[in-house]
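Biologist: I am new to this structure and would like to go through it slowly. Could you show it to me, so that we can take it up piece by piece?

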Amino acid sequence: MLLGKRSNEPRLGAVAAVGVAMLASALMAPSPSLSFATKPVTPRSAEAAVASDTLREPPTLQNHSAVPGIVEVELTAAPARLQLVPGGPLVNVWAYNGTVPGPTLDVHEGDSVIVHFQNHLPETTTVHSHGLHLAAADDGSPLNPVAPGQSYDYAFRIPKGYAGTYWYHPHPDKRTTFQVAMGLFGAIIIRDRHDPLAATGIPEKLLILSDNRFNPDGSIAFPDPTSIQASIDLENGREGNVLFVNGQVMPTIPIRRGEVERWRIVNASASRVYRLALPNQQLIHVGSDGGLFEHPREVRDIVLANSGRVEVLVRGTGAAGSAVSLEDLPYNRYMPQTRPADWDSTRTLLSLRETNALPVSPVVIPSELRPIPAIDTSEATMRRTIVMSQGLIDGKTMDLHRVDIRARLGTTEIWTVQNVVGMDHPFHLHGFHFQVLDRGGVPEPYRSWKDLVNVPKHSSVRIVVHFADFPGKWMYHCHILDHEDEGMMGILQTFN
Ligand code: C2O
Ligand code: CU
Ligand code: CU
């Protein structure tokens, strides 16, 4: 159970019920410490949208290897002073190579990558490459901490078939929420040299979504651990009221009429789930965590749980000079007791602005993107049920010295991931991509490679995973970072 003070004690359902009841009554009594939770999001006026800059992308990590197929980069996590809020003061942050978000690792399938990492933070950290298939020692899990002042060379080869959008973030024991909130997160793009969309010449953009909250002096706000807000954070996960795209607030993307753009979107928020939509057009959903689908799918909106990624095609369809906002529509992932008062308001993320340039004739979007072979469920030798309750997996919090699941390499397993409580928990597995078989008993209508699947309140999702190679210990957990820190995590050991 996540309410109450931080502790490593396993929490019991009965305690949970009492905690929620206490919190619910506390919520009814107005208290100054609640002001943050109930304060409406600062409205963003049309003027603000016009005044905002054009979307920038984070810098790319410079490859200093001259050897073809080898990518060698330097990554340092260190305190820095940056302006996070437009027009705001310089504030203390923790940054990778001095920027928030950190620089993008942009590589190709087949590349061998070496990340020379240095920890100049005052505390232990790791660099977890979320979604990558690599040796356990290079996964940056809490089992391989990098102490302050230490360095670590993460080395991995990108397998064929892994083209897609990923990201990296700290994953130290119990401090992930804090370190991500301080500014540590960045994108990884893995490219296929024969990408069917790149072949059409469609331009692409990277959009890293994050949110944060600030004190009146502009510094990053963290609640007093004894406050109601701290309890709400433990329950909901930390949400911020300022929404960023690549560290910018409400940036503009110019587009020409007829033009098609590919957006790679990363949800780097600690707990915010986005429901993305453009008011005047269907999104063409072409990919998710592990890259492109087999075929594009037109959708009204897309739910993007935290740590998940989507690739969408958007079109310039409006009149010259007109603009629409990429919206984050309401999505009710919350327990009723701690649901923010403004949960049902629509937020805006960026402005898509039609330029006055002459229209371009639209490219033909390929209907075949790439084959995704189905993992053969008839080969599954093990079926497991993983139960997520509030703060617990299978009734336990994580113990770094315990192994919860053992799986032999070369085998296929079907997992039923069950959420038995009244809020969503996004489930993530390290190291191995899986395929979703069904959600709430409804067969998944299309195939995709996933490392994250949101499991809505009181429902279950079935996934199939094949453990091809790499023996070692892997985390599986709820990706609400506060829940992860609280131990809503288990350890899978793969062995030969
Ligand atoms: Cu984004 Cu355990 O990871
Ligand atoms: Cu991960
Ligand atoms: Cu959770």
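Modeller: Please keep in mind throughout that this is a predicted model. A good place to begin is the pairing of strand 24 with strand 29, which is antiparallel and runs over three bridges.

Biologist: Which residue is the bridge partner of Leu-429 in strand 29?

Modeller: Leu-429 belongs to strand 24, which covers residues 425-429, while strand 29 covers residues 472-478. The two strands pair in the antiparallel sense, and within strand 29 the bridge partner of Leu-429 is Tyr-476.

Biologist: What is the order of the strands in the open sheet of five strands?

Modeller: The pairing in this sheet is mixed, and neighbouring strands are turned against each other by 25° on average, with direction ignored. Its edges are strand 22 (405-408) and strand 27 (452-455), each of which pairs on one side only. Read across the open sheet, the order is 22-30-29-24-27.

Biologist: Which residues coordinate the copper ion (ligand 3)?

Modeller: The donors follow the spacing H-x52-C-x4-H along the chain, and they lie at 2.0 to 2.1 Å from the copper ion (ligand 3). Because His-425 lies in strand 24 and Cys-478 in strand 29, this pair ties together parts that are 53 residues apart in sequence. The coordinating residues, with their atoms, are His-425 (ND1), Cys-478 (SG) and His-483 (ND1).

Biologist: Is Cys-478 buried or exposed?

Modeller: A residue counts as buried when its relative accessible area is under 20%. The relative accessible area of Cys-478 is 0%, and His-425 likewise has a value of 0% and is buried. Cys-478 is therefore buried.

Biologist: Which residues are the protein donors of the copper ion (ligand 2)?

Modeller: The donors of this ion lie 1.9 Å from it, each through an NE2 atom. The pair links distant parts of the chain, with one member in strand 5 (residues 128-130) and the other in strand 24, 300 residues apart. Both members of the pair are buried, and they are His-128 and His-428.

Biologist: Which residue takes a positive phi in the hairpin of strand 25 and strand 26?

Modeller: Strand 25 and strand 26 (residues 442-443) pair in the antiparallel sense over two bridges, and Asp-438 has Pro-443 as its bridge partner in strand 26. Strand 25 (residues 434-439) is also joined to strand 28 (residues 459-466) by five bridges, again antiparallel. The hairpin has two residues between its strands, and the residue with a positive phi, near 55°, is Gly-440.

Biologist: Which residue in strand 10 does Ser-210 stand opposite?

Modeller: Strand 10 (242-245) is an edge strand of an open sheet of six strands, ordered 10-9-12-17-14-15. Strand 9 (residues 204-212) runs antiparallel to strand 10 and is joined to it by four bridges. In strand 10, Ser-210 stands opposite Phe-244.

Biologist: About how much space lies in the largest cavity?

Modeller: The structure holds three cavities of 30 Å³ or more. The largest is lined by 21 residues, and Ser-210 is one of those nearest its centre; helix 4 (176-181) and strand 9 each supply at least two residues of that lining. By class, the lining has ten nonpolar, seven polar and four charged residues. The space in the largest cavity is about 190 Å³.

Technical notes. Residues are numbered from 1 along each chain as its sequence is written. Chains are lettered from A and ligands numbered from 1 in the order in which they are written. This is a predicted model: local features need pLDDT of at least 70, side-chain atom pairs count only at pLDDT 80 or more; totals for chains, interfaces and linings use all residues. Side-chain values use heavy atoms; hydrogens and water are left out. Donors are N, O and S atoms within 2.8 Å of the metal (3.2 Å for Na, K and Ca); water is not among the atoms, so sites may look incomplete. Buried means under 20% relative accessible area, exposed over 50%, partly exposed in between (1.4 Å probe, protein chains only). Two strands pair if DSSP finds at least two bridges between them. Axes are lines fitted to C-alpha atoms, for helices over the stretch in contact, and angles run from 0 to 180 degrees between N-to-C directions. On a 1 Å grid over the protein atoms alone, a cavity is a set of points where a 1.4 Å probe fits but cannot get out, and a pocket is an open set with protein on both sides within 12 Å along at least five of seven lines; lining residues have an atom within 4 Å of a point. Grid points are joined across faces, edges and corners, and a volume is the space filled by probe spheres set on the points. Ala, Val, Leu, Ile, Met, Phe, Trp, Tyr, Cys and Pro count as nonpolar, Asp, Glu, Lys and Arg as charged, and the others, Gly among them, as polar.
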